[in-house]
Amino acid sequence: EKLRKDGIKDIFDLGRTDPTEEELKALMPPNVETENDLLVIHRFAERLAHLSPGFVGADIANVCNEGALVTAREKLDAVGLDHLEKAMDRVIGGIEKKSRVLSDFEKKVVAYHEAGHAITGWFLKYADPLMKISIIPRGSAALGYAQYLPKETAISTATQLFDRICVLLGGRVSELITFGHLSTGASD
């Protein structure tokens, strides 16, 4: 009732109808002409949605802008899904540190550490599903990272929290089992 008084359309109105095809076409950018164009847009939107759980509009805009920059650096005319994935890595993990050269031993430690997170999460019932692991040094400190698809819940049980803590410690445990010591490179 308050919504109607304020002049705002009630989105829950049962008499509301879906937009017509003409109304939807009017909302589309001018360069979208065919059904195939709409499918391409849908594919991009779907992939971007999967890559960015928990992101707000500004974060997604940042990824899109970064994707355009990646495309421009490669001197291409159109942004591809691979450009969005590279942009996501840059937004989440930071700029790739090509100047940071790791020794073979350091690379192995980072790889085992990140694999420890992944393997631990695989066997735990309440761990968030793993989306991606990177062992490319990025940002000011990260030598690698694991990206998860968190479940959007308001509360967590003690068991769920315990499983998340186990995943976080899985990297250190992997180092300890494999190398017999812990490294200073791990931040979680």
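Phe 105 is partly exposed, with 46% of its relative area accessible. I should say at once that the model before us is a predicted one, and that every value I quote is computed from it.

With which ring does Phe 105 form an edge-to-face pair? Its partner is Phe 179: the two ring centres are 5.5 Å apart, and because the planes stand at 75 degrees, the arrangement counts as edge-to-face. This pair links distant parts of the chain, with Phe 105 in helix α6, residues 104-123, and Phe 179 in helix α7, residues 158-179; the two are 74 residues apart. Phe 179 also pairs with Tyr 112, where the centres are again 5.5 Å apart and the planes are at 80 degrees, so this pair too is edge-to-face. Tyr 112 belongs to helix α6 and Phe 179 to helix α7, so the pair ties together parts that are 67 residues apart in sequence. Tyr 112 is partly exposed, at a relative accessible area of 34%. A search of the whole structure gives two aromatic pairs, and Phe 105, Tyr 112 and Phe 179 make up one aromatic cluster.

Let us remain with helix α7. Leu 169 is located in this helix and, at 45% relative accessibility, counts as partly exposed. Together with Ile 165, Val 173 and Ile 177, Leu 169 makes a nonpolar surface patch of about 390 Å².

I turn now to charged residues. Side chains of opposite charge can pair when their charged atoms come close. How many salt bridges does a search of the whole structure find? There are six, and I shall describe some of them.

In one of these, the side chains of Glu 85 and Arg 47 meet at 2.9 Å, N to O. Here distant parts of the chain are linked, since Glu 85 sits in helix α5, residues 81-93, and Arg 47 in helix α3, residues 35-51, with their positions 38 residues apart. Both ends are partly exposed: Glu 85 has a relative accessible area of 29%, and Arg 47 is at 31%.

Another salt bridge joins the side chains of Asp 128 and Arg 164, at 4.0 Å, N to O. Asp 128 lies in the loop between α6 and β1 (130-134) and Arg 164 in helix α7, so parts that are 36 residues apart in sequence are tied together. Is Asp 128 buried or partly exposed? With a relative accessible area of 16%, Asp 128 is buried, while Arg 164, at 25%, counts as partly exposed. Salt bridges that share partners also join Glu 66, Arg 73 and Arg 90 into one network.

That network deserves a closer description. Glu 66 lies in helix α4, residues 57-73. At 11% relative accessibility, Glu 66 falls under the 20% limit and therefore counts as buried. The side chain of Glu 66 meets that of Arg 73 in a salt bridge of 3.7 Å, N to O. Arg 73, by contrast with a buried residue, is partly exposed, with a relative accessible area of 47%. The Glu 66 side chain also makes a polar contact with the side chain of Arg 90, at 3.3 Å. Which residues does Glu 66 contact once its neighbours within four places in sequence are left aside? They are Arg 73, Ala 87, Arg 90 and Val 91.

Key
Residues numbered from 1 in each chain as written. Predicted model: local features only at pLDDT ≥ 70, side-chain atom pairs only at ≥ 80, totals over all residues. Heavy atoms only, no water. Helix = DSSP H or I, 4+ residues; strand = E, 2+ residues; numbered from the N terminus. Buried < 20%, exposed > 50% of the residue type's maximum accessible area, 1.4 Å probe, protein only. Polar contact = N/O pair within 3.5 Å; in protein donor to acceptor, adjacent residues only side chain to side chain. Contact = heavy atoms within 4.5 Å. Phe/Tyr/Trp six-rings, centres within 6.5 Å; stacked < 30°, edge-to-face > 60°. Patch = residues over 30% accessible without salt bridge, like charges linked within 9 Å, V, L, I, M, F, W, Y side chains within 5 Å. Areas by Shrake-Rupley, 256 points an atom, 1.4 Å probe, with all protein chains shown as cover.
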